[in-house]
Every structure is written in C-alpha cells, then in structure tokens.
Amino acid sequence: MNSIDFPKLGLSFNINPVAFSIGIKDIYWYALIILTGFLLALTFVYFTCEKHGVKKDNIWDIALFGLIFGIIGARIYYVVFSLDEISHWTEVFQIWNGGLAIYGGIIGAIISSFVYCKIKKLNAPLVFDVCAPGLFIGQAIGRFGNFVNCEVYGGETDFLLGMSINGQTPVHPLFLYESIWNIAGLILLLMLRRKKHADGQIFCFYIFWYSLGRFFLEGMRNPHYILFLIPNVIGISQAVAIFAMLVSVIMFVRFSRKNKKLITN
C-alpha cells in the first residue's frame with residue numbers, strides 16, 4: 001500500500017498496486033490502466049476512421065499487430081539499454097517484473113503498422129494520420145499506471161502540483177505533466193486535422209509534439225529512471241526525441257511538397 005499526497009491541493013490517496021487477485025494471480029492496476037487506455041484509443045479511432053477514409057476492419061488488424069509488436073518493441077528497447085541489469089538471459093522475457101520503454105513500444109507499433117499497410121496496399125500516411133489521435137489518448141491515460149506504481153517523477157518541488165510519496169518531500173509528478181501534454185496535443189491535432197493539406201502531416205505533428213514534451217520531461221526525471229546515453233548529461237530518450245523531431249519536420253516538408261506537386265500536375 002502506498003500513500004500519495006498532493007499537499008497543496010489537499011488530496012490524499014492510499015493505493016494498493018494490486019487491483020484484485022484471481023486465485024494466486026495478482027491483477028495490477030498498472031495493467032488495467034494500460035488496457036483501458038488502449039481500448040479507449042481503439043474505440044475513438046474505430047468510430048472515426050471511415051470518415052477519414054480508412055476501413056474499420058483495417059483498424060482492428062492494425063491495433064492487434066500494433067499491440068503485439070508494441071510490447072515486443074518496448075521490451076527490446078529497454079533490454080538493449082539495460083543489459084547491466086540482466087543477470088540471466090531468461091530475464092529478457094520476464095516483462096511481468098517491469099521494464100517496458102514507451103519509445104520502443106511506439107517504434108514497434110509504427111513498424112508493424114507500416115508493414116501491414118504495405119502488404120494490404122493501403123495509403124500508409126493516411127492510416128497513420130487516422131491513428132494518431134489514438135496514440136495521444138492511449139498515452140494520456142496509460143501514464144496514470146505510473147501514478148499507482150509511484151514511479152516516473154522528478155526532483156523535489158514546492159510547485160502547486162507537487163506530489164509526496166509515502167510522506168517524502170514533494171516531487172514533480174511527471175506522469176501527470178506528460179498526460180496533460182498529450183491531452184493538449186490531442187486537442188491541437190484534432191483542430192489541425194481539419195486543415196491538413198497532405199496525408200502524413202498529422203502523424204508528423206504527433207511525433208514532433210510528443211517528442212518535444214518527452215525531451216523536456218525526461219530531463220526532469222529522477223536519475224534512477226533515466227537510461228543515459230552520456231552519463232548525467234543526456235538520456236537515451238532525449239537523444240531519440242531530438243532525432244524524432246528532426247525526422248518529423250523533414251517528413252512533414254516532404255509530404256507537403258509531394259502534395260503540392262500532385263496538385264500542380
């Protein structure tokens with residue numbers, strides 16, 4: 001049982017990471033919250049996809065493969081940069097003990113979706129545009145899994161939203177900051193989607209916005225949770241965020257120019 005307080009807001013929570021048990025198997029809130037985020041994201045995309053030119057059957061397939069390869073990608077990403085924490089090769093597969101990196105999950109889901117679009121001869125940029133709001137939704141909700149686990153927090157603070165864990169000095173609740181950042185991104189994305197000039201632009205916005213937030217929030221994290229590229233200088237996720245932002249800008253320009261040529265021709 002963990003005690004989580006927001007002193008300046010007058011809020012207190014006593015949370016058991018275990019939601020309930022089935023026999024001897026514990027079911028954790030973290031898993032239920034992640035599942036909820038996934039289902040709500042899928043529901044939103046499912047009921048809006050045909051309006052934007054993508055069939056519902058394709059969305060089911062993309063979601064299934066994205067979930068499977070997202071988990072695989074998240075684990076691979078974590079393991080590759082945390083080899084020093086693994087004492088036996090069997091631990092590589094023990095995801096129930098923790099160790100999933102969200103960037104790896106996004107990369108895995110993107111690759112599987114791209115391959116699916118190629119096999120089915122779908123317009124990949126359009127499909128990614130349609131799915132982008134779901135990514136924001138899933139991540140905004142999923143971050144609360146970190147709340148119940150008392151993880152993903154920053155340094156000490158006297159800020160209004162400061163969060164105290166088990167009576168300790170309040171810290172920045174980075175999970176909450178990122179959730180708010182993703183909700184803001186979702187609102188902007190839905191507004192921009194009505195005015196896009198080329199397929200792929202909306203997904204590029206998602207990548208840029210998400211990566212921008214991760215770059216700054218990653219730098220605020222407790223060092224215990226940072227996978228460093230250069231010790232105590234820059235985290236791997238920050239480096240990936242910079243790379244992702246550059247790629248998103250380049251692809252945005254490319255999609256825009258391609259559409260301009262089509263209109264001209």
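**Note on salt bridges, hairpin and helix α1**

1. Arg221 counts as buried, at 15% relative accessibility. The cut-off for buried is under 20% relative accessible area, so the 15% of Arg221 falls within that class. Please keep in mind that this is a predicted model.

2. What does the side chain of Arg221 meet in a salt bridge? The partner is Glu218, at 3.3 Å from N to O. Glu218 is buried too, with a relative accessible area of 3%. Both ends of this bridge are therefore buried, Glu218 at 3% and Arg221 at 15%.

3. The Glu218 and Arg221 pair does not stand alone. A network of salt bridges links Arg143, Glu178, Arg214, Glu218 and Arg221. Treat these five residues as one group when checking side-chain placement in the figure.

4. The count of salt bridges comes to 6. One of them joins the side chains of Asp129 and Lys196, with 2.8 Å from N to O. This pair links distant parts of the chain, its residues being 67 apart. Asp129 sits in helix α4 (residues 124-142). Lys196 lies in the loop between α6 (174-193) and α7 (201-220).

5. Is each end of that pair buried or partly exposed? Asp129 counts as buried, at 1% relative accessibility. Lys196 is partly exposed, with a relative accessible area of 26%. The class "partly exposed" lies between the 20% and 50% cut-offs, which is why the 26% of Lys196 gets that label.

6. Lys196 also meets a second acid. Its side chain forms a salt bridge with that of Asp199, at 3.0 Å from N to O. Asp199 is partly exposed, with a relative accessible area of 29%. So Lys196 has a salt bridge to buried Asp129 and another to partly exposed Asp199.

7. Now the strands. β3 (residues 18-22) and β4 (residues 25-28) run antiparallel, joined by 4 bridges. Ile22 has Lys25 in β4 as its bridge partner. The two strands form a hairpin with 2 residues between them. In the turn, Gly23 has a positive phi of about 65°.

8. Helix α1 (residues 29-48) passes a length check. Its 20 residues, at 1.5 Å a residue, should span 28 Å. The end C-alpha atoms are 29 Å apart, which agrees.

9. Which residues of α1 are buried? They are Ile33, Gly37, Ala41, Leu42, Val45, Tyr46 and Thr48. An α-helix has 3.6 residues a turn, so residues three or four places apart point the same way. The buried residues of α1 pack against α2 (56-80), α4 and α5 (144-148).

Conventions
Residues are numbered from 1 along each chain as its sequence is written. This is a predicted model: local features need pLDDT of at least 70, side-chain atom pairs count only at pLDDT 80 or more; totals for chains, interfaces and linings use all residues. Side-chain values use heavy atoms; hydrogens and water are left out. A salt bridge is a side-chain nitrogen of Lys or Arg within 4 Å of a carboxyl oxygen of Asp or Glu. Buried means under 20% relative accessible area, exposed over 50%, partly exposed in between (1.4 Å probe, protein chains only). Two strands pair if DSSP finds at least two bridges between them. The expected span of a helix is 1.5 Å times one less than its number of residues. Contact means heavy atoms within 4.5 Å.
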